[in-house]
Every structure is written in structure tokens, then in C-alpha cells.
Amino acid sequence: MSRKAKHFLLFYAVLWIVTFITITILLSRGDRGLEESALFFFDIARNRNFLIGFHVVFILCYLLLLAVQYFIKLYRSQPKSIFFEQLGYRFILPILITIIGFKTLIYANSYEWNDYQWDNSVMNTKGIVNNLHEADKKHRGMSVFGWSDDNTEAINGLIKANVEWVAVIPFLYQEDQTTKQIEVPDNPETFTRRDSSFIRTINTLHEKGLKVHLKPHLWMSSGWRSNITLNSTKEWDAWFESYRINMLRYAKIAALTEAELFCIGTELRTSIKKQPEKWNLLIDEVKEIYKGELTYAANWYDEYEHVSFWNRLDYIGIQAYFPLTKIENPDLETIEKGWDKHLLELKGVHEQYGKPILFTEVGYKSESNATIKPWEWGNDFSILTKKKSNRTQQLAYEALFNKCWDQPWLAGIYIWEWNVRTSEESASTDLNFSPRFKPAENVIAKGFGKSNKDQ
């Protein structure tokens with residue numbers, strides 16, 4: 001093996017070690033221990049997107065190393081004037097052009113004329129929850145991510161936006177759609193460090209007067225939980241048993257913390273269709289442990305109509321990412337019309353089961369195409385390829401509240417998603433779902449601030 005090849009492999013190995021140490025330490029500062037963080041790193045290290053990102057970083061770092069070696073050699077062998085000339089033309093200038101081009105593209109894609117006037121009068125500046133739920137029984141909910149050891153500022157921001165219910169979302173894990181079992185703790189009867197952090201968060205929310213919806217999600221490195229595909233009844237039974245063990249643990253957490261609502265599952269379409277009897281047995285077990293209200297979060301497409309146990313739950317939970325338009329940058333009237341057929345179908349489901357409907361998730365990215373396929377996620381490079389539009393996100397929420405909020409069958413809405421790490425500066429170029437520091441936050445606060453007693 002040549003000397004260059006050995007250096008290449010050594011640099012590759014060193015970067016993996018540095019990445020492992022860095023990510024493990026960062027993860028262990030949250031709700032994971034050091035050992036658990038290390039094991040979690042090996043899980044995400046097999047993820048396709050992570051591998052692509054790592055190798056992009058590796059190539060950039062290796063090219064930088066080669067450049068440094070080249071210019072050191074040039075500095076030692078050539079006059080200083082030639083060194084600085086080559087350094088400027090071959091290194092500094094290309095980097096400057098790349099940075100300027102990158103910044104220009106981001107500015108062009110994120111610039112938008114929007115005459116929205118922020119209405120401070122609808123924000124809750126009292127610092128305490130209005131508790132409008134007592135008047136109309138509607139959930140003013142938010143799915144929240146980015147919890148830390150001190151969540152005071154984050155919770156105050158939610159209260160200011162008239163949020164009264166918070167969806168706390170732990171994650172279960174399996175590798176992909178064909179994985180035969182979900183990961184189960186070594187001792188399911190004992191709460192883990194991560195469980196304890198969720199318990200602490202729920203207790204803090206309760207202390208601040210907020211109600212809690214405990215809503216565990218199944219997360220995969222690749223694929224989608226609605227499309228789990230197994231080969232036999234035996235495999236399906238083994239998968240569900242691992243799911244059952246995890247969910248009973250979370251039911252105990254819901255009971256211990258007196259969470260007001262517990263979600264027994266989210267977007268598990270293939271299991272819902274294949275294993276209805278398993279779900280009924282799970283509901284029986286959950287009800288033995290947890291005495292609060294129950295729901296299930298069914299996807300808006302090809303799932304909620306297949307759930308056979310709605311009559312055993314308190315709410316028909318729907319992930320309400322309904323497509324509303326076929327065009328980008330729609331006006332308010334167009335978005336509102338997009339709701340009409342969906343509202344008729346939802347009213348029919350409510351009448352069929354006699355249960356209120358809860359939008360367990362509904363959200364819109366701040367992109368010009370947000371109302372076409374609301375369920376689609378962006379990626380780290382979206383700002384380079386897609387057009388940011390706070391106005392489209394804002395109008396989508398205006399339409400949501402105008403068309404849905406006063407429906408007598410609607411028990412409430414959980415917005416997806418509020419990221420407590422979002423800063424005012426980052427929001428200016430953020431295309432993702434979080435409404436924080438965007439006009440959508442003000443629209444949500446206005447919608448949640450309304451009560452039936454105001455009509």
C-alpha cells in the first residue's frame with residue numbers, strides 16, 4: 001500500500017473516532033447516559049443520510065488537508081510573493097466566491113415580501129395559562145421538541161402563544177420497515193434515564209398549568225412506520241409484543257405523572273389492518289394502568305377509516321396533513337376551499353362513531369408549496385433549492401382556524417412542531433415546520449386565544 005493511501009485511511013479512521021467521541025459526548029449531555037449515547041451513535045451511524053453527510057464532511061476535510069500540505073510545501077520552496085499569489089488565487093478566492101454565492105442563494109430563496117402586521121394584543125403576556133379549555137373543552141396543543149434541563153423560557157414562549165396542551169413525544173426505535181422487533185430496554189419495569197427526563201418535563205409543564213398529551217412515536221433510520229412489512233404471523237406477533245412492552249411502560253409514566261391524555265400509537269397503518277385484536281388487547285392492558293383519556297393518531301390517508309377500535313377511545317385522532325391546494329403561493333380563499341371535502345369526510349367519521357375528532361398533528365412548512373403536500377419534510381439543503389414563504393405558512397394556519405376550529409365535532413388541534421431551539425435569527429431562513437418567530441406563531445396565538453364563549 002502506498003504512503004498516500006495509508007495517510008488517506010488514517011485520516012478516515014481519525015475522523016470517525018473524532019465524530020464518535022463528539023456525538024457521544026453531545027448526546028450524553030441530554031437525557032442519555034454516556035454508554036447509551038455511544039450505542040445510539042452506532043445506530044445512527046448506519047443511517048443512509050448520516051453516512052452521506054459524514055462522507056461529504058470527510059471529503060471536504062481531506063481536501064482541506066491536501067491544500068494545507070500543498071501550501072506548506074509551496075511556502076518552503078517558492079518566494080513569498082509567489083506563495084501569497086497562489087494562496088490568494090487558488091485558495092482564498094474560490095472560498096470567498098463559494099461563500100458569497102451560498103449567501104446570495106440563501107438570501108434570494110428566503111426573501112419574500114409579506115405585509116403581515118404582528119398583533120401583540122392576541123399574545124398572552126400574563127405569564128399564566130388562560131385555561132380556555134374549561135370553557136370549550138378544546139385542546140390548544142403543540143408538539144414540542146428540544147427540551148433541556150431548564151425549560152422555563154421554552155414554556156413561557158408556549159404560554160405566550162396561548163398553548164394550553166403540550167404533546168410530549170418520546171421515541172421508540174427500529175432500524176427500518178422490515179425490522180422484526182422494536183428495541184426494548186433491558187429491564188422494562190425500570191424507568192431509564194431518558195424516561196426520567198420525560199417525567200421531569202411533564203411535571204414541570206403541570207407546575208406551569210399546562211396539560212400534557214404523552215404521545216410516543218416509532219422512529220426509524222430509514223422508511224416510514226406506516227409501511228412496516230413482515231413476512232409471517234409469527235414475525236408480526238413478535239413485533240407487536242416488543243411494541244406492547246414499550247407502550248405499557250409509557251402508560252405507567254402517563255399514570256405516574258397524571259398526564260391528561262395518552263396516545264397508544266401513531267401512524268402504524270399496516271399493524272392496524274393486520275392486528276386489530278392485538279390493539280384491543282393492548283387497550284385493555286393500558287386501561288388497567290392508566291385511567292386518563294386515550295386516543296390513537298391515525299394518518300389522514302388510508303388509515304383512520306380502517307381503525308376498528310375508535311369506539312373504545314375518547315378521541316378519534318387524525319394526523320391532519322390533508323393536501324389543500326395544487327399550486328404554490330396560494331391565496332387564503334384557495335386554501336380554505338381545499339378543506340371543504342375533507343371536512344365532509346371528517347364529519348361523517350364523527351357521526352359514524354359518535355366520538356370527537358382530535359387533530360393529533362397538523363402543520364405546514366414555511367415554503368411556497370406547503371399546502372400541496374403538507375406531510376413532506378425538507379432537508380438541510382432545502383434553503384438552496386426551495387423558496388421560503390412565511391406567508392404561505394401563515395395563510396395555511398389562518399385557513400385551518402377559519403375552517404376547522406369552530407366545527408362542533410373538533411376537540412382540538414396539536415400543531416407540528418414547535419422547536420424550542422429556534423432563534424429569531426435562524427427563523428429568518430428556516431423552511432421547516434416550527435412557527436416560532438414567524439407570522440404563523442401570531443396566527444396560532446390568535447386562533448388559540450378564541451373560545452366558543454367569544455362567539
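**Exercise 1. Work out whether the radius of gyration of the chain agrees with that of a compact globule.**

Step 1: Start with the length, which is 455 residues. A compact globule with that many residues would have a radius of gyration near 23 Å.

Step 2: Now look at the chain itself, in what is a predicted model. Its radius of gyration is 25 Å, which agrees with the globule value.

Step 3: Add the outline. Along the principal axes, the C-alpha atoms fill a box of roughly 85 × 55 × 40 Å.

**Exercise 2. Describe the chain as a whole: its helices and strands, its contacts and its surface.**

Step 1: Count the elements. You'll find 15 helices and 10 strands.

Step 2: Check the contacts with a separation of 6 or more. Of these, 76% join residues 24 or more positions apart.

Step 3: Turn to burial and surface. Buried residues make up 48% of the 455. The accessible surface is about 22800 Å², and carbon and sulfur atoms own 56% of that.

Step 4: Finish with charge. There are 54 positive and 55 negative side chains, and the centres of these two sets sit 6 Å apart.

**Exercise 3. Find Arg-225 and decide: is it buried or exposed?**

Step 1: Go to the loop that runs between strand S5 (217–220) and helix H8 (233–257); Arg-225 is there.

Step 2: Compare its accessibility with the cut-off. Buried means under 20% relative accessible area. Arg-225 has 14%, so it is buried.

Step 3: See what surrounds it. Beyond its neighbours within four places in sequence, Arg-225 contacts His-217, Leu-218, Met-220, Thr-266, Glu-267 and Leu-268. With Leu-218 there is a polar detail too: a polar atom of the Arg-225 side chain lies 2.9 Å from the backbone oxygen of Leu-218.

**Exercise 4. Set two threonines side by side, Thr-392 and Thr-385: which is buried and which is exposed?**

Step 1: Place them. Thr-392 belongs to helix H13 (residues 390–404), while Thr-385 is part of helix H12 (residues 382–385).

Step 2: Read off the accessibilities. Thr-392 has just 2%, so it counts as buried. For an exposed residue the value must be over 50%, and Thr-385, at 63%, counts as exposed.

Step 3: Look around Thr-392. Leaving out residues up to four places away in sequence, it touches several others, among them Glu-112, Asn-329, Pro-330 and Glu-367. Its side chain also makes a polar contact of 2.8 Å with the side chain of Ser-389.

Step 4: Now step back from Thr-385. Its C-alpha atom is 42 Å from that of Arg-249, a residue 136 positions away along the chain.

Technical notes: Residues numbered from 1 in each chain as written. Predicted model: local features only at pLDDT ≥ 70, side-chain atom pairs only at ≥ 80, totals over all residues. Heavy atoms only, no water. Helix = DSSP H or I, 4+ residues; strand = E, 2+ residues; numbered from the N terminus. Rg over C-alpha atoms; globule rule 2.2 N^0.38 Å. Buried < 20%, exposed > 50% of the residue type's maximum accessible area, 1.4 Å probe, protein only. Contact = heavy atoms within 4.5 Å. Areas by Shrake-Rupley, 256 points an atom, 1.4 Å probe, with all protein chains shown as cover. Lys, Arg positive; Asp, Glu negative; His and termini not counted. Charge placed at Lys NZ, Arg CZ, Asp CG, Glu CD. Polar contact = N/O pair within 3.5 Å; in protein donor to acceptor, adjacent residues only side chain to side chain.
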